Amino acid sequence: SQMELANLSVMGSVSAQSLITNTLVGGNCFQVGNVSSSGNGSSRGSFTSGATNIGLSSGIALCTGPVTILPGPNNSQSANGGYNTNSADDPDLATLTSGNQFDRSAIEFDFTPTASTVQFDFVFGSEEYCEFVGSQYNDVFGFFISGPGISGNQNLATLPGGGTPVSVNTVNHQTNNDYYINNNNGGINCPFLPPVALTECQLDGWTTVPVSYTHLT
């Protein structure tokens with residue numbers, strides 16, 4: 001039977017502690033502590049009903065603006081300009097993209113694995129698609145893990161093969177487009193992209209859900 005379409009649903013301003021212990025980590029597979037966050041509180045939240053739009057049914061949402069703009073339809077090519085906060089540069093993100101890090105939203109935590117595998121699935125989306133592709137305005141996402149047996153801080157948010165970080169300039173309609181899903185409905189900024197029907201999310205485009213990333217402990 002065909003999966004029934006549903007608009008992306010979000011809950012904003014959820015505490016980082018709740019997002020990690022109740023949404024990201026489940027099944028008592030990990031011992032979690034030292035949860036901290038940075039960025040505007042409304043930039044963090046949880047989502048559900050994502051299976052028929054972004055490809056993940058539920059999870060954590062981190063944004064450069066309030067997460068409440070995420071549900072569709074896509075009726076604006078620049079739905080929110082963020083908070084215009086010039087965040088202190090994160091040294092890990094600085095290895096992925098240059099320039100100032102405006103409106104960075106982050107959660108950090110320690111965990112002790114009680115299972116042999118860590119699995120992490122993600123979707124990266126942006127309102128900068130596709131008018132800012134190739135420009136200095138480059139939304140980027142990183143998921144860094146460090147600890148015993150891991151060399152430095154390893155970024156898990158990469159394309160299959162592990163070499164290419166995920167950002168507007170590295171995954172788009174022109175570059176690595178096998179991993180890009182367009183949600184622009186044409187318009188003056190992207191006249192070369194055909195209209196699409198994926199209107200259950202406000203974002204102009206996002207990445208496909210990659211093959212699950214694992215790290216053997």
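**Figure 1. Contacts across the protein chain link residues far apart in sequence.** Take the contacts in this predicted model whose partners have a separation of 6 or more: residues 24 or more positions apart account for 65% of them. As for secondary structure, the protein chain comes to two helices and 16 strands. Out of its 217 residues, 36% count as buried. The accessible surface adds up to about 11,300 Å², and carbon and sulfur atoms hold 49% of that.

**Figure 2. Aspartate 90 is a buried residue without a salt bridge.** Let's start with where to look: aspartate 90 sits in the loop that runs between β5 (86-87) and α2 (91-94). Which side chain of opposite charge is nearest to aspartate 90? That would be arginine 104, at 4.3 Å. Since a salt bridge has to be within 4 Å, this pair doesn't make the list, and aspartate 90 has no salt bridge. Leave out residues up to four places away in sequence, and aspartate 90 touches Gln101 and Arg104. The side chain of aspartate 90 also reaches a backbone atom: the nitrogen of leucine 93, at 2.9 Å.

**Figure 3. Threonine 170 lies in a loop between two strands.** The strands on either side of this loop are β13 (166-167) and β14 (180-182). What does the side chain of threonine 170 reach at 2.7 Å? Look for the backbone oxygen of proline 165. Proline 165 also turns up among the residues that threonine 170 touches, along with Thr164, Thr175 and Asn176, once residues up to four places away in sequence are set aside. Now find glycine 134: in sequence, glycine 134 and threonine 170 are 36 residues apart, while in space their C-alpha atoms are 8.7 Å apart.

**Figure 4. Cysteine 63 and cysteine 201 do not form a disulfide.** How many disulfides does the count give? The count comes to zero. Cysteine 63 is in no disulfide, and the nearest cysteine sulfur to its own, that of cysteine 201, is 9.0 Å away. Why is cysteine 201 left without a bond? Its closest cysteine sulfur, in cysteine 63, is 9.0 Å off, so it is too far for a bond; the two sulfur atoms would have to be within 2.5 Å. Are these two cysteines buried or exposed? Cysteine 63 counts as buried because its relative accessibility is 14%, and cysteine 201 counts as buried because its value is 1%; the cut-off for buried is under 20%.

How values were computed:
Residues numbered from 1 in each chain as written. Predicted model: local features only at pLDDT ≥ 70, side-chain atom pairs only at ≥ 80, totals over all residues. Heavy atoms only, no water. Helix = DSSP H or I, 4+ residues; strand = E, 2+ residues; numbered from the N terminus. Buried < 20%, exposed > 50% of the residue type's maximum accessible area, 1.4 Å probe, protein only. Lys, Arg positive; Asp, Glu negative; His and termini not counted. Polar contact = N/O pair within 3.5 Å; in protein donor to acceptor, adjacent residues only side chain to side chain. Contact = heavy atoms within 4.5 Å. Areas by Shrake-Rupley, 256 points an atom, 1.4 Å probe, with all protein chains shown as cover.
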